[in-house]
Structure formats: structure tokens, C-alpha cells
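Welcome to this short tour of a protein model. Have the sequence and the 3D view open side by side, and follow the bullet points at your own pace.

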Amino acid sequence: EMCIRDWFGGVGALFGPDRDAESLAELQVHAVVALLIGYMATHQLRMRRELQRDLAALRPLLSDGAEVSAEEIFSGVARLPQTIVTIVGGLLGIAIIPLFRGDAGFFPDRAGGEFDVLWSSAANFALFAIMARFAYTGISVGAQLDERVTRKIRIDLLDLHPLAPYARRGLRSAMYWLLGSSIASLLFLRFGFLWAHVFILIGTISVGVFAILQPLRGVHGRREDEKRRELVVLRAAIRSARGQVLGEGPGAADAAVRLPGLLAMEARIEGVSTWPFDVSTYLRFSALGLLAVGSWLGGAVIERLLGLAVD
């Protein structure tokens with residue numbers, strides 16, 4: 001009992017009315033981390049329902065009418081690697097604590113510090129474990145979706161609308177990471193400007209781009225294959241029509257009529273993007289990216305202004 005009182009006896013300094021400025025700052029960090037945990041855990045819980053909705057939208061594109069459920073997709077995720085990745089992610093979260101505590105490392109450096117270290121260890125483990133699990137699960141679910149659905153759907157290069165579920169998946173993944181980064185930018189006011197934040201900004205944008213593209217790699221490959229196939233057929237028809245026109249045979253007149261249409265179709269297909277993005281997808285992703293970058297830059301500006309005001 002005495003040991004427990006010694007360990008938590010200073011918690012009042014962290015939560016009580018007479019807490020010092022350093023304890024208040026630590027409490028703000030804990031609140032941000034708790035918010036991040038709730039935000040990311042909520043997104044992870046919604047993965048199955050969102051996947052089921054996407055599968056329902058893609059069902060009309062399946063040539064054999066096969067129906068695949070979200071449960072079947074998730075059952076294909078390897079459990080042991082998923083567990084290992086989750087644990088390693090959590091341990092990484094604990095390992096980075098000394099980077100933000102300076103010389104104190106894992107050791108309490110004030111009243112209430114024992115609780116601070118205990119909470120930081122538990123919260124960082126949970127936060128990084130959730131992020132690692134989400135990343136691994138998202139990539140694995142994407143691979144299962146490509147294997148069970150994407151390789152079987154019908155592709156129409158001139159109609160992007162049926163492929164909207166893929167763009168939604170990419171945007172959801174990007175939103176998860178970029179909005180999470182925006183929430184994490186609240187830590188700026190606690191730690192101030194560090195050159196590491198430059199790398200955080202670069203990393204944030206890189207992760208956002210990867211997050212939106214990775215779920216679309218399978219359908220991008222399908223569209224590339226279909227585009228290549230259609231161009232082969234069109235160019236064969238163009239060569240045939242050109243030969244008839246130049247040969248001035250009995251079919252020359254008909255070939256001359258067909259040739260402009262074939263050339264126009266070739267140009268149209270050649271200009272088709274193999275990434276299923278429309279204008280709204282670009283605009284939404286740009287808004288997410290600006291929000292994430294603006295959060296970090298805004299935090300840096302606020303921190304600098306507060307520093308000048310105090311000085």
C-alpha cells in the first residue's frame with residue numbers, strides 16, 4: 001500500500017488545482033494522445049462496414065455475379081503477422097518516449113511524474129499499436145480485395161463512375177493519416193519548433209500520397225491492361241483501314257470513312273488515365289493535404305508568436 005501511495009502520491013500535482021506549468025503541459029500532451037487513440041480506433045472499427053458498402057457497389061461489375069463479403073476479405077488477413085506488427089508498433093511507441101522527455105528518459109523528474117511515465121508508456125503503446133495494425137490490415141485487405149474482386153470486374157475505360165468505390169477507399173485511407181497528423185500537430189504547442197518537424201511535414205505528405213494510391217494499385221493495373229488491349233485492337237484496325245485506303249481496292253471508300261473515327265478513338269483511349277480519379281477526388285485530397293500541412297505550419301507560427309510574446 002505504501003508503494004502504491006509513493007507511486008501515485010504525486011498524481012494530485014498533475015490533476016490538482018496547484019499543478020505547475022510543466023505538469024499542465026504534460027496533461028495537454030496526454031489529452032492530445034488520448035484524442036488520437038480515440039480517433040484512430042474509431043476509424044479502425046469502421047473498416048469492415050465501409051468495405052461491405054464498397055463491395056455492394058462493385059457487385060454489378062463482377063462478370064460471374066459472384067458475391068464476396070467483408071468477412072471473407074478480412075478472413076484472408078494473416079493473423080500472426082498482424083499480431084506481430086501490432087506488438088512491434090506498440091513497442092516502437094514506447095521506445096520513442098525518451099526523445100520527447102530529454103534527459104529524464106523513462107524516469108520521473110517531478111511530483112506526479114510516475115503517473116506521467118506510466119500513462120505515456122501505455123498510451124504510446126496503444127497509439128502506435130493501433131496505427132501499425134491499421135496499416136498492416138489496410139494493405140492486406142487491399143490485396144485480398146484485388147485478388148477476390150478487382151481482377152474479376154469488368155473495366156470500361158470511358159466510364160469512371162463504377163470505380164468510385166476504389167477512389168473512396170483511397171480517400172478514406174488518406175483522410176485517416178492526414179487528419180491524424182493534423183490532430184498530432186497540437187503537440188507543437190508543447191514541444192515547440194524542432195527541425196524534425198520538417199521531416200514530419202515531408203513524411204505527412206508522402207504518407208498521404210501513398211495512402212491514397214495504395215488501395216488503387218490493383219484497379220490501376222487492370223485499367224492499364226485494358227487500355228493496352230484496346231489500343232492493340234484499334235491500331236490493328238487502323239493499319240487494316242489504312243492499307244485498304246492506300247490500296248484503292250473495292251473497300252477503300254468504306255475504309256476512308258472508318259479511318260477518322262478509328263484515329264479519334266485511338267486518341268481518346270490513349271488519353272484515358274489509368275488511375276480512377278475524377279476532379280472531386282483531386283480536390284478532396286488537395287484539401288486534406290492543405291489541412292495537414294497547414295496544421296503543422298500554423299502550430300509553428302503560433303508557437304513562435306507565443307515565444308516572442310513571452311520574451
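Let us start with helix α11: its 31 residues, at 1.5 Å a residue, should span 45 Å, and its end C-alpha atoms are 45 Å apart, which agrees. The expected span used here is 1.5 Å times one less than the number of residues in the helix. Helices (H or I, at least four residues) and strands (E, at least two) are DSSP runs, numbered from the N terminus.

Before going further, note that this is a predicted model, in which local features need pLDDT of at least 70 and side-chain atom pairs count only at pLDDT 80 or more, while totals for chains, interfaces and linings use all residues. Residues are numbered from 1 along each chain as its sequence is written, and side-chain values use heavy atoms, with hydrogens and water left out.

**The overall fold**

- The protein chain has 13 helices and 0 strands.
- Of its 311 residues, 41% are buried; buried means under 20% relative accessible area, exposed means over 50%, and partly exposed is in between (1.4 Å probe, protein chains only).
- Take the contacts (heavy atoms within 4.5 Å) between residues at least 6 apart in sequence: 82% of them join residues at least 24 apart.

**Helix α11 and its surroundings**

- Helix α11 covers residues 217-247, and His220 is found in it.
- His220 has 14% relative accessibility, so it counts as buried.
- Beyond its neighbours within four places in sequence, His220 is in contact with Thr274 and Trp275.
- Other buried residues of α11 include Gly218, Val219, Arg222, Leu231 and Ile238.
- Arg151, in the loop between α7 and α8, is in contact with Asp146 and Arg222, leaving aside neighbours within four places in sequence.
- Arg151 is also 7.6 Å from Gly218, C-alpha to C-alpha, although 67 residues separate the two in sequence.

**Salt bridges**

- Side chains of opposite charge can pair when their charged atoms come close.
- A salt bridge here is a side-chain nitrogen of Lys or Arg within 4 Å of a carboxyl oxygen of Asp or Glu, and the whole structure holds 9 of them.
- In α11, Asp225 pairs with Arg228, with the closest N and O atoms 3.0 Å apart.
- Asp225 and Arg228 are 3 residues apart, about one turn of the helix.
- Are these two partners buried or exposed, or something in between? Asp225 is partly exposed because its relative accessibility is 43%, and Arg228 is partly exposed at 48%.
- Glu226 and Arg229 meet in another salt bridge, at 2.8 Å from N to O.
- Because Glu226 and Arg229 are 3 residues apart in helix α11, about one helical turn separates them.
- Glu226 is buried at 14% relative accessibility, whereas Arg229 is partly exposed at 46%.
- Salt bridges that share partners also join Arg46, Glu50, Asp54, Arg168 and Arg172 into one network.
- Within that network, the closest N and O atoms of Glu50 and Arg46 are 3.1 Å apart.
- Glu50 and Arg46 both lie in helix α3 (residues 21-58), 4 residues apart.
- Glu50 is buried at 10% relative accessibility, while Arg46 is partly exposed with a relative accessible area of 32%.
- An α-helix has 3.6 residues a turn, so residues three or four places apart point the same way.

**A buried residue in helix α4**

- Ile73 lies in helix α4 (residues 70-75).
- How buried is Ile73? Its relative accessible area is 0%, so Ile73 counts as buried.
- Leaving aside neighbours within four places in sequence, Ile73 is in contact with several residues, among them Leu51, Leu55, Val141 and Leu145.
- The C-alpha atoms of Ile73 and Leu51 are separated by 8.9 Å, with their places 22 residues apart along the chain.

**The second largest pocket**

- The second largest pocket has about 360 Å³ of space.
- Of the 19 residues that line this pocket, the closest to its centre are Phe134, Gly138, Arg169, Ser173 and Pro215.
- Helices α3, α7 (113-148), α8 (164-184) and α10 (196-213) each give two or more residues to the lining.
- The lining of the second largest pocket divides into 12 nonpolar, 4 polar and 3 charged residues. Ala, Val, Leu, Ile, Met, Phe, Trp, Tyr, Cys and Pro count as nonpolar, Asp, Glu, Lys and Arg as charged, and the others, Gly among them, as polar.
- A pocket is an open set of points on a 1 Å grid over the protein atoms alone, where a 1.4 Å probe fits, with protein on both sides within 12 Å along at least five of seven lines; lining residues have an atom within 4 Å of a point.
- Grid points are joined across faces, edges and corners, and a volume is the space filled by probe spheres set on the points.
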